[in-house]
Structures are given as C-alpha cells and as structure tokens.
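The following exercises invite the student to read a protein model step by step. Each task is followed by a worked solution.

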Amino acid sequence: MPIGHVLLKVNMVDHAAVVDFYTQALKPLGNEKLSTMPNGWVVFGSKGPEWVVGISSTESETKAHVAFVAPDRASVDAFHATAVAAGGKDHGAPGFRPQIHPNYYGAFVLDPLGNNIEAGCMTPSDQGEL
C-alpha cells in the first residue's frame, strides 16, 4: 500500500534544525523543499507533498501523521471501521474533505499511541470511484 504523505510535528525551538536536516538528507533521494505554508509547515517531495515538517502547538498533540493511499471510497470506509474495531479512536469519520481537495475522500484514526493515521483517495463525488 503506497504512503501518500508523512507529517512530523516538532517543537518550535527544533523546527529550523529539523527543516535544515531534511532539506539536506532528502536531496539524494530526489526530494526537495517544495514550499513553506503560512502556518510554518515545510513541504518536501519529488512531484508533490510526501514529507511535511510541521510545528507542534502543544506537547499533547500527536507527533506523527501517516496518510495511506486507498484505491477507492469503500477501502477508506473499511479502513476506518476496522481500525476503530481494532482499538483505534475515531479522529474523523469517512467523508469528503474539501479543505484538502474537492474530490478527496478520507478518514482519520488515532492509533493506540495517539498517532494520526489517515486513509484517503481522490474520487469525484458525482461519478463514484475512479
């Protein structure tokens, strides 16, 4: 299963050093700094966002976020139901996420350690699965 992107949240005092580290470390893998978002998050990738270094707003906030690419909406629904049944905590029921993209359908679960795990796919709402 392909990974869509990973988000690593760090404290503000460590942010610049971590961004500098990944700017250098990911370059041999064909990844580069693609953009810096208004909230200070820095996006790395080769063709699109693959690795994001964000700023943690609190110590209790989840530190890692991993997004898996799902083949269709049914798989997103099944991921969410299975993950919750396995002991995960609902962190966003399956549905369209227009704040990400108008055609993005995703679901979010916190794993037993509190990491934010996502499954999602791009699918037009009026045309069924791609």
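**Exercise 1. Determine against which strands the buried residues of α2 pack, and how these residues are arranged on the helix.**

Solution. The buried residues of α2 pack against β6, β7 and β8. Before the steps, the conventions are stated. The model is predicted, so local features need pLDDT of at least 70 and side-chain atom pairs count only at pLDDT 80 or more, whereas totals for chains, interfaces and linings use all residues. Residues are numbered from 1 along each chain as its sequence is written, and side-chain values use heavy atoms, with hydrogens and water left out.

Step 1. Fix the terms. Helices (H or I, at least four residues) and strands (E, at least two) are DSSP runs, numbered from the N terminus. Buried means under 20% relative accessible area, exposed over 50%, and partly exposed in between (1.4 Å probe, protein chains only). Contact, or touching, requires heavy atoms within 4.5 Å.

Step 2. List the residues. Arg-73, Val-76, His-80 and Ala-83 are the buried residues of α2.

Step 3. Look down the helix axis. The buried residues of α2 fall within an arc of 100°, so they line one face of the helix; the arc is that of the directions from the helix axis to the C-beta atoms. On the other side of α2, Thr-82 and Ala-85 are exposed.

Step 4. Recall the general rule. An α-helix has 3.6 residues a turn, so residues three or four places apart point the same way.

**Exercise 2. Compare the expected span of α2 with the distance between its end C-alpha atoms.**

Solution. Step 1. The expected span of a helix is 1.5 Å times one less than its number of residues.

Step 2. For the 13 residues of α2 this rule gives 18 Å, and the end C-alpha atoms are 18 Å apart, which agrees.

Step 3. Apply the rule to α1. This helix has 14 residues and reaches 20 Å from its first C-alpha to its last, close to the expected 20 Å.

**Exercise 3. Describe the order of the strands in the sheet and state which strands lie at its edges.**

Solution. Step 1. Two strands pair if DSSP finds at least two bridges between them.

Step 2. The open sheet has eight strands in the order β2-β3-β4-β1-β5-β8-β7-β6, with mixed pairing. Its edge strands are β2 (32-36) and β6 (89-96), each of which pairs on one side only.

Step 3. Examine individual pairs. β1 (residues 3-10) and β4 (residues 51-55) pair in the parallel sense over five bridges, and Val-6 has Trp-51 in β4 as its bridge partner. Five bridges also join β5 (residues 64-69) to β8, and these strands run parallel. In contrast, β7 and β8 pair in the antiparallel sense over seven bridges, with Tyr-105 opposite Cys-121 in β8.

Step 4. Inspect the hairpin of β7 and β8. Five residues lie between its strands, and Gly-114 takes a positive phi near 95°.

**Exercise 4. Identify the largest nonpolar core and the elements that supply it.**

Solution. Step 1. A nonpolar core is a set of buried Ala, Val, Leu, Ile, Met, Phe, Trp, Tyr and Cys residues joined through side-chain atoms within 4.5 Å.

Step 2. The largest nonpolar core has eight residues: Val-10, Val-18, Val-19, Tyr-22, Leu-26, Val-42, Phe-44 and Val-53. α1 (12-25) and β3 (42-45) each supply at least two residues of this core, and the largest share, three residues, comes from α1.

Step 3. Relate the core to the helix. The buried residues of α1 are His-15, Val-18, Val-19 and Tyr-22, and they pack against β1, β2, β3 and β4.

**Exercise 5. Decide whether Ala-119 and Gly-87 are buried or exposed.**

Solution. Step 1. Ala-119 has its place in strand β8. At 4% relative accessibility, Ala-119 counts as buried. Six of the seven residues of β8 are buried.

Step 2. Leaving aside residues up to four places away in sequence, Ala-119 touches Phe-68, Val-76, Phe-79, Tyr-104, Tyr-105, Gly-106 and Ala-107.

Step 3. Gly-87 lies in the loop between α2 and β6. With a relative accessible area of 51%, Gly-87 is exposed.
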